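Me: I would like to learn how to read a fold from its coordinates. Can we go feature by feature?

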Amino acid sequence: MKAAGRKVTMLTAYDYTMARLVDQAGVDGILVGDSMSMVVQGHENTLAVTLDQMIYHAEMVGRAVQRALVVVDMPFPTNLLGPYKAIENAGRILKETGCEAVKLEGGAEQAEIIAALTSAGIPVMAHCGLCPQSVHQLGGYRVQRDAKQLMADACAAEKAGAFSVVLECIPAAVAQAVTDAIAIPTIGIGAGVGCDGQILVINDLLGITPAPLPRHVKTYADLARQIDDAVRRYCEDVRSGAFPTEAQTFT
Ligand code: KIV
């Protein structure tokens, strides 16, 4: 798609129902992101979700998807314990979920792990720029502006065998330069229009994430309002006796 100049579309999904809808709507790739820790589990950051929980959800997504590529995040710190452990953990993801690839946060400092996984036949998507698993070290979720480091990270990931790289929250000009410099597709989130593709968290896109949303998000629906409205109307109908009617009643 990169060679043909066709943009890659990716979204996150965490369960069967949503993955099926997203897949049917024609997205190219689905990420079972560790953002699940925040948007599904309600944690403050992405550090809490476990490998078993990622596998549990990725298995539901894998079962739903007919056509999109499904990538599963390696949760903290399952890619940071050496090549042997990384292969064991990523191997479990592929074996137990039916999904096709893993994503891990990091570039140059993860090159050895990316190389080990790819040589074990496990496709790897790298993730450079803002790496949410390092939130405590970074001191918050900030735009990452070290252009030299970002270029080195993306190039190292490509050289180590990654098939794609997510670029999160970096200046658009840096993302464009990285995209031009490497042959593998860059998938941006808060990285401008110059990337080879884009990814968003599905809850953000659908308008069910409570405000404030980060600047890079565009909402395409107001599902929170629609859900609120539907639930209120249901409660009113039950309380007033307007539901169920004969149409929903067995005789
Ligand atoms: O976990 C996630 O949802 C991600 C995307 C934001 C790229 O890593």
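Reply: Start with pairing. Two strands pair if DSSP finds at least two bridges between them. This is a predicted model. In it, strand 1 and strand 2 (residues 29-32) pair in the parallel sense over three bridges. Threonine 12 stands opposite leucine 31 of strand 2. The chain gets from strand 1 to strand 2 through helix 1 (residues 16-24), and this β-α-β crossover is right-handed.

Me: What holds strands of a sheet together in general? And which strand pairs with strand 1 (residues 8-12) over four bridges?

Reply: Strands of a sheet pair through backbone hydrogen bonds, either parallel or antiparallel. Here, strand 8 (residues 197-200) pairs with strand 1 over four bridges, in the parallel sense. Threonine 9 has glutamine 198 as its bridge partner in strand 8. Leucine 11 has leucine 200 there.

Me: In what order do the eight strands close into a barrel?

Reply: The order is 1-2-3-4-5-6-7-8, and the pairing is parallel. From one strand to the next, the twist averages 25 degrees.

Me: How do I read burial? Take strand 1: how many of its five residues are buried?

Reply: Look at relative accessible area; buried means under 20%. Four of the five residues of strand 1 are buried, so strand 1 is largely enclosed by the rest of the structure.

Me: And strand 5: how many of its six residues are buried?

Reply: Six of the six, so strand 5 is largely enclosed by the rest of the structure. Split the strand by side. Val124, Ala126 and Cys128 point one way, while Met125, His127 and Gly129 point the other way. All of these are buried.

Me: Which strands pair with strand 5?

Reply: Strand 4 (residues 101-105) is joined to strand 5 by four bridges, and the two run parallel. Glutamate 105 has histidine 127 as its bridge partner in strand 5. Between these strands the chain passes through helix 5 (residues 111-119), in a right-handed β-α-β crossover. Strand 6 (residues 164-168) also pairs with strand 5, in the parallel sense, over five bridges. Glycine 129 stands opposite glutamate 168 in strand 6.

Me: Now empty space. How is it found, and what is the volume of the second largest pocket?

Reply: Rolling a probe the size of a water molecule over the atoms shows where empty space is left. The second largest pocket has a volume of about 490 Å³. Its lining has 23 residues, and the closest to the pocket centre are Glu109, Gly129, Cys131, Ser134 and Gln137.

Me: Which elements give two or more residues to that lining?

Reply: They are strand 5 (124-129), helix 6 (135-138) and helix 7 (147-160). Helix 6 gives the largest share, four residues. By class, the lining of this pocket has seven nonpolar, eleven polar and five charged residues.

Me: What should I look for in the backbone angles? Where is there a positive phi in a residue other than glycine?

Reply: Most residues other than glycine have a negative phi, and most peptide bonds are trans. Cysteine 169 has a positive phi, near 50 degrees. This cysteine sits in the loop between strand 6 and helix 8 (172-181). With a relative accessible area of 12%, cysteine 169 is buried.

Me: Which residues does a cis peptide bond join?

Reply: One joins phenylalanine 76 and proline 77, with omega about -5 degrees. Proline 77 is in the loop between strand 3 (69-73) and helix 4 (83-97). Another joins phenylalanine 243 and proline 244, where omega is about 0 degrees. Proline 244 belongs to the segment after helix 10 (223-240).

Me: One last exercise on exposure and distance. Where does methionine 38 lie?

Reply: Methionine 38 lies in helix 2 (residues 36-39). Apply the cut-offs: buried is under 20%, exposed is over 50%, and partly exposed is in between. Methionine 38 has a relative accessible area of 31%, so this residue is partly exposed. For distance, use C-alpha atoms. Those of methionine 38 and glycine 98 are separated by 24 Å, and the two residues are 60 residues apart along the chain.

Conventions. Residues numbered from 1 in each chain as written. Predicted model: local features only at pLDDT ≥ 70, side-chain atom pairs only at ≥ 80, totals over all residues. Heavy atoms only, no water. Axes fitted to C-alpha atoms, helices over the stretch in contact; angles between N-to-C directions. 1 Å grid on protein atoms, 1.4 Å probe; cavity = no way out; pocket = protein on both sides within 12 Å on 5 of 7 lines; lining within 4 Å. Points joined across faces, edges and corners; volume = space filled by probe spheres on them. Nonpolar A, V, L, I, M, F, W, Y, C, P; charged D, E, K, R; others polar. Buried < 20%, exposed > 50% of the residue type's maximum accessible area, 1.4 Å probe, protein only. Right-handed = clockwise from strand over helix to strand, strands pointing away.
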